[in-house]
Amino acid sequence: MAVEAALHLFVILTLSLVSISTACTTMEELEKNMPQWVGKVPYSHLVNKTWGYPTDCSGFVSWALQTDVGYFLKAYEYGSSMYAQRIPTDELRYGDIVVHVWAPEWAENRCHKKATKESAESEIDMEDFDYLPGHVYFFDKWVDGNKTEFWAYESSQTENQTDACLQDGPRFCFNHHVKKERKQADKWSSDNCTSSKYRFVTGGPHRLSPSLLCSTPQVNNS
């Protein structure tokens, strides 16, 4: 009986370890996934039958990371400490994300342009309705050592889009690999909003949690 019990425990632990190890996406998988939508997948909030995810900004990030089908993180949720930690712009590296989050018209007091989320805490009230408008995209690489511009992978209906997209609508708004200015990431770093589910969600550069992207070290959320 003791041997059988020990064997049973060993099997359970082994399966647990396998489950943990396969719960996150490897950097190799991300590198393969990230470019696949470029130039061919148009922007939409609806679930795409081919890809199994919405093809908006957060749907693209979720698909590239292969987060659980059936639950799609919204852009603002990637700004929570549950899924990513805010980092200084200079520390951006491949696989990091840049998040923008702002207050909707019906809850303007939920966000504040403060240097840190803690300094805004006393000035913001929680709301029952948790959703916040937002945007998110992947950082690819710096253009050069000056770190004033960088390349990004993004699904967008307006950001850095073509004339065809802006004039003719979302079906012409294809996922793109695009050059962006650093000042945007710096500006979004002052986004600090409250969330009844996550307490705080923040904007700017973020490093994904190891639960989403394997072997990604944690950083202080400042």
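This report describes a small sheet and the disulfides of a predicted model.

## Basis of the model

Because the model is predicted, local features need pLDDT of at least 70 and side-chain atom pairs count only at pLDDT 80 or more, while totals for chains, interfaces and linings use all residues. Residues are numbered from 1 along each chain as its sequence is written, and side-chain values use heavy atoms, with hydrogens and water left out.

## The sheet

In the order β3-β7-β8, 3 strands (DSSP runs of E, at least two residues, numbered from the N terminus) form an open sheet with antiparallel pairing, where two strands pair if DSSP finds at least two bridges between them. β3 (111–113) and β8 (199–202) stand at the edges with a single partner strand each, so one side of each has no neighbour in the sheet.

Between β3 and β7 (residues 191–195) there are 3 bridges, and Lys113 has Asp191 in β7 as its bridge partner.

## The disulfides

The structure contains 3 disulfides, a disulfide being a pair of cysteine sulfur atoms within 2.5 Å. Counting bonded cysteines along the chain, they follow the pattern 1-6, 2-5, 3-4.

Cys24 and Cys214 have sulfur atoms 2.0 Å apart, and the torsion about their S-S bond is about 105°, so this disulfide is right-handed. Both cysteines are buried, that is, under 20% relative accessible area with a 1.4 Å probe and protein chains only (exposed is over 50%, partly exposed in between).

A disulfide also joins Cys111 to Cys193, linking strand β3 to strand β7 across 82 residues. Cys165 and Cys173 are joined at an S to S distance of 1.9 Å, and both are buried.

Terms used. Helices (H or I, at least four residues) and strands (E, at least two) are DSSP runs, numbered from the N terminus.
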